[in-house]
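Hi,

Here is the structure I said I'd pass on. Have a look at it first, and then read my notes below.

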Amino acid sequence: MSTATPAPLRDADAPSGPSAVGDVVAGARAAQPWWEGLGFAGRKKALDAWRVLILRRADELVDVIRAETGKTADDARLEVVLVADHLRWAAAHAGSVLRRRRVPSGLLMFNQSATVEYRPLGVVGVIGPWNYPAFIPIGPVGAALAAGNTVVLKPSELTPGVGRWLADTLAEAVPGPAVLRIVTGGGETGAALCRAAVDKISFTGSSATGRRVMAACAENLTPVVIEGGGKDAMIVAADADLDAAADAAVWAAMSNAGQTCVGLERVYVVAGVADRFLRLVGDRAAALRVGDRPDADLGPVLLPRQIEVVRAHVQDAVARGARLVVGGAESFAPPHVAPIVLADVPEDSVALTEETFGPVLVVNRVASVDEAVDRANAGAYGLGGSVYTRDRSRGRAIAGRMRAGMVSVNAVIAFAGIPALPFGGVGDSGFGRVHGPDGLREFSRTQAVTTQRFRPVLQPNSFGRDPGTMRTLVRMVRTLYGR
Ligand code: NAD
């Protein structure tokens, strides 16, 4: 595989635009009973074959991702690794998580056996972002398929080739009706998918678009998962391993040129260690290589309008008294932005209240971990977070106080690499979960079934009940649960 950024694929023959959505959804609906009929074991075999093919062609997928996003080869390889791991997990665990199981029927309904199972919804629509065009969609796509649904994926208009590559390799690995279908296009195509009476929409993108997606889904009461933006914070306690924390902070803030939903945008470091931490962060950030060179650590910031957002956040912070530790106006050489580290940024400036989504890290000092928690929790977003302290149990306690869907202690973004963990946020970061058992259930409809094993001694659910039945029942409940 070459190290230079490959040329983008042409989006030749994928169905495209709002008018194509109906037929694509109809095709997915027609294929669904066949796919559901394969059962958990059959679907596992199919999804395993897909994963093996993906890994056999990993270099090709890396090239397609890079051609459309410009990200570095290592950033693209990381996506492929995560794709394989998450797909393996969903295929391997769908049966144990979703298949029918008995639950206790309780003393009052002892004559019934009770079961719960998670059935496929039907057709799931997945709307993806461009920044992790393989890894992010594979969460909902893998879980929905493993649960027995068929899927219509609308990849970002910036990354249609990655979506098509995924669908084509699945079709190649699994003969039969296509169970993952693609429709390409921009926001209008996404909106058409929301209105196409699919059985659920899984949306990943900005929180602003998430609001529009939810409004469109409301028209048909189509349920929706929203994986929105983030403004993740790291808390560095006085006893933290500062080298490890600085190394992790710079990677989490700058990898993928800062265009990561769970990328690090804010650090709250306790005052006593703040100067040393800032020096370590500054040295590391300043040493990163940027540009088209083969050994670059940071590729481009893909969207020109995002570069302007990044610039505006930095300018506003500096105008309001923030200190530039690394970079500044000279960091902007579109499409590239070199790392920028800011310190002492006012908490109400846009660099701290809105998603920057570029290679910018704000490091603010705080008097205590309590203050760090308060500041970390102050914003509208609540996606991921991290805590650095040598005391692991204290780290877990601090994590528990963070208003975030996912937190890593003494690591960054570790939760995204553990397929058994649910992924998702709170507040403006959205709701619902992909990955893990929660992710599998997200793309299922829960069905509760009772089966009468024998006639009950007391039968309250009948107009022909004995006049004493209710009195006896109330007495029983008082005896059992009244103290
Ligand atoms: P975006 O919101 O611009 O677009 C996301 C997708 O929505 C695209 O496929 C787009 O075509 C589609 N879309 C746009 N308008 C639509 C509409 N009206 N109806 C339906 N679909 C519509 O986001 P982006 O620039 O592709 O991605 C970056 C954003 O995604 C960042 O905010 C980032 O934090 C977020 N993100 C979140 C997660 C997560 O898991 N929470 C993961 C990756 C990215």
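Before the ligand, one term: a polar contact here is a pair of N or O atoms within 3.5 Å. Keep in mind, too, that this is a predicted model.

With that cut-off, which residue has a polar side-chain atom 2.6 Å from an oxygen atom of the ligand? That's Glu157, and the pair counts as a polar contact because 2.6 Å is within 3.5 Å. Trp130 also points a polar side-chain atom at the ligand, with 3.3 Å between that atom and a ligand oxygen. Gly205 does it through the backbone instead: one of its N or O backbone atoms sits 3.3 Å from an oxygen atom of the ligand. If you want the wider surroundings, there are 29 residues around the ligand, and the nearest of them are Gly128, Glu157, Thr209, Gly228 and Glu355. So you'll meet Glu157 in both places, as one of the nearest residues and as a polar partner of the ligand.

Now the helices. Two packed helices are described by the angle between their axes and the distance between the axes, and I've noted three pairs that way.

Start with α3 (residues 58-69) and α4 (residues 73-98). Their axes are 9 Å apart and the packing angle is about 125°, which means that α3 is oblique to α4. The crossing is right-handed. On the α3 side you'll find Ala58, Leu61, Val62, Ile65 and Arg66, and these meet Ala73, Ala76, Arg77, Glu79 and Val80 of α4. By class, that contact has 7 nonpolar residues, 3 charged ones and no polar ones.

Next, α9 (residues 242-254) and α10 (residues 271-286). Here the axes come within 9 Å and cross at roughly 45°, so α9 is oblique to α10. This crossing is right-handed as well. From α9, the residues in the contact are Leu242, Asp243, Ala245, Ala246, Asp247, Ala249 and Val250; from α10 they are Val273, Arg276, Phe277, Leu280, Val281, Arg284 and Ala285. The split is 10 nonpolar, 4 charged and no polar residues.

The third pair is α2 (residues 39-56) with α5 (residues 135-146), packed at about 145° with the axes 9 Å apart. Phe40, Arg43, Leu47 and Trp50 in α2 touch Ile138, Val141, Gly142, Leu145 and Ala146 in α5. Which classes turn up in this contact? There are 7 nonpolar residues, 1 polar and 1 charged.

Finally, two spots in the backbone to click on. Pro334 and Pro335 are joined by a cis peptide bond, with omega at about 10°. You'll find Pro335 in the loop between β11 (332-333) and β12 (336-337). The other spot is Ile413, which has a positive phi of about 60° despite not being a glycine. Ile413 is in a loop too, the one between β17 (406-409) and β18 (426-427).

Over to you!

Technical notes
Residues numbered from 1 in each chain as written. Predicted model: local features only at pLDDT ≥ 70, side-chain atom pairs only at ≥ 80, totals over all residues. Heavy atoms only, no water. Axes fitted to C-alpha atoms, helices over the stretch in contact; angles between N-to-C directions. Helix = DSSP H or I, 4+ residues; strand = E, 2+ residues; numbered from the N terminus. Parallel < 35°, antiparallel > 145°, perpendicular 65-115°, else oblique. Left-handed = near helix turned anticlockwise from the far one by under 90°. Contact = heavy atoms within 4.5 Å. Nonpolar A, V, L, I, M, F, W, Y, C, P; charged D, E, K, R; others polar. Near = heavy atom within 4 Å. Polar contact = N/O pair within 3.5 Å; in protein donor to acceptor, adjacent residues only side chain to side chain.
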